[in-house]
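Please take a moment with the sequence and the model before reading on. The paragraphs below move from the overall fold to single residues and the contacts between them.

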Amino acid sequence: MELAELWVAVAFFVFVGILLYNGVHKALAKALDARGARIAAELDEARRLKEEAQKLVAEYKRKQREAEAEAEAIVTAAKAEAERLAAETKAKLEEFVSRRTRMAEDKIAQAEHQALADVKAFAADAAVQAAERILAASVPGTATGDRLLGQAIQDVRGKLN
C-alpha cells in the first residue's frame, strides 16, 4: 500500500471518528426512524382509506340492490294497477253495451207497439168506413136510419179503439 492510500485511509477513519464523536450516527438513526414512522403512518392511513372505500362500495351496492328491489316493486304495482284498470274498463264497457242494447230493444218494442197501434187504428177506421157503407146501403135514408147509423158507427169506433 502506498503512502497516499494510507493517508486516505487515515483521513477516512478520522472523518468517521469525528462524525461518531459529534453524534451524527444518532441523528442519522433518528432521521431514519422518523422516516420509518412517517411511512408506517402513511401505510396505516392508506389501509384506513382502503377499508373506508370498501365500506362505501358495500354501502352503495346495498343501496343499488334496494333501489332495484324498489323499482321492481313499483313495476309490479304498476302492472297490477294496469290490469285492474283494464278489468274495470272492460266491465264498464260491457255494462255500457248492455245498457245500449236494452235501450235499443226498448225502442224496438216501442216502435212495434206503435206500429201495432197504428195498424189497429187503420183497421178500425177501415172497419168503420165499411160499416158505414153497409149500414147506409141496408137502412133507407130516414132520420131514424141516420141516427141508428151514427149510433152504430160510434159503438164500432169505441170498441175498436
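Helices, in what follows, are DSSP runs of at least four residues, strands are runs of at least two, and both are numbered from the N terminus. This is a predicted model, and by that definition its protein chain holds three helices and zero strands. Read from one end of the sequence to the other, the pattern is α-α-α.

How many of the residues are buried, in percent? Of the 161 residues of the protein chain, 4% count as buried, where buried means a relative accessible area under 20%. The accessible surface of the chain comes to about 13900 Å², and 64% of that area belongs to carbon and sulfur atoms.

Because the model is predicted, it helps to know how far the predictor trusts each part, and pLDDT is the predictor's confidence in each residue, from 0 to 100. The mean pLDDT of the protein chain is 87, and 89% of its residues reach 70 or more. Confidence is highest in helix H2, which covers residues 24-138, at a mean of 91, whereas it is lowest in H3, at a mean of 69.

The walk along the chain can begin with helix H1, which spans residues 3-21. With 19 residues at 1.5 Å a residue, H1 should span 27 Å, and its end C-alpha atoms are 27 Å apart, so the expected and the computed spans agree. H1 is followed by Gly-23, a residue whose phi is positive, near 80°.

Leu-6 is found in H1, and with a relative accessible area of 42% it is partly exposed, a class that lies between the limits of 20% for buried and 50% for exposed. Leu-6 also helps to make a nonpolar surface patch of about 590 Å², together with Leu-3, Trp-7, Val-10, Val-14 and Ile-18.

Which aromatic rings pair, and how are their planes set? The structure holds one aromatic pair. The rings of Phe-12 and Phe-13 have their centres 5.8 Å apart and their planes at 65°, and the pair is therefore edge-to-face, since planes over 60 degrees apart are placed in that class. Both Phe-12 and Phe-13 are exposed.

Attention now turns to charged side chains. Side chains of opposite charge can pair when their charged atoms come close. The structure holds 11 salt bridges, and several of them can be followed in helix H2. An α-helix has 3.6 residues a turn, so residues three or four places apart point the same way.

One of these salt bridges joins the side chains of Arg-47 and Asp-44, with a distance of 2.8 Å from N to O. Both residues lie in H2, three residues apart, which is about one turn of the helix. Arg-47 counts as partly exposed at 46% relative accessibility, and Asp-44 is likewise partly exposed, with a relative accessible area of 45%.

Glu-45 forms a salt bridge with Arg-48, and here the closest N and O atoms are 2.4 Å apart. Because Glu-45 and Arg-48 are three residues apart in H2, about one helical turn separates them. Glu-45 is partly exposed, with a relative accessible area of 35%, while Arg-48 counts as partly exposed at 36%.

Further along H2, how many residues lie between one partner and the next in the pair of Arg-99 and Glu-95, counted as places apart? Arg-99 and Glu-95 are four residues apart, again about one turn of the helix, and they form a salt bridge whose closest N and O atoms are 3.0 Å apart. Arg-99 counts as partly exposed at 32% relative accessibility, and Glu-95 does so at 40%. Salt bridges can also be linked to one another, as Glu-59, Arg-62, Lys-63 and Glu-66 form a network of them.

The walk ends in helix H3, which covers residues 143-160 and contains Asp-155. Asp-155 is partly exposed, with a relative accessible area of 38%. The C-alpha atoms of Asp-155 and Val-128 are separated by 9.6 Å, although the two residues are 27 residues apart along the chain. This part of the model calls for some care in reading, because H3 has the lowest mean confidence, 69 on a pLDDT scale from 0 to 100.

Methods:
Residues are numbered from 1 along each chain as its sequence is written. Side-chain values use heavy atoms; hydrogens and water are left out. Buried means under 20% relative accessible area, exposed over 50%, partly exposed in between (1.4 Å probe, protein chains only). Accessible areas come from the Shrake-Rupley method with a 1.4 Å probe; for residues, only the protein chains shown count as cover. Rings of Phe, Tyr and Trp (its six-membered ring) pair if their centres lie within 6.5 Å; planes under 30 degrees apart count as stacked, over 60 as edge-to-face and the rest as tilted. Patches are made of residues with over 30% relative accessible area and no salt bridge: like charges are joined within 9 Å, nonpolar side chains (Val, Leu, Ile, Met, Phe, Trp, Tyr) within 5 Å. A salt bridge is a side-chain nitrogen of Lys or Arg within 4 Å of a carboxyl oxygen of Asp or Glu. The expected span of a helix is 1.5 Å times one less than its number of residues.
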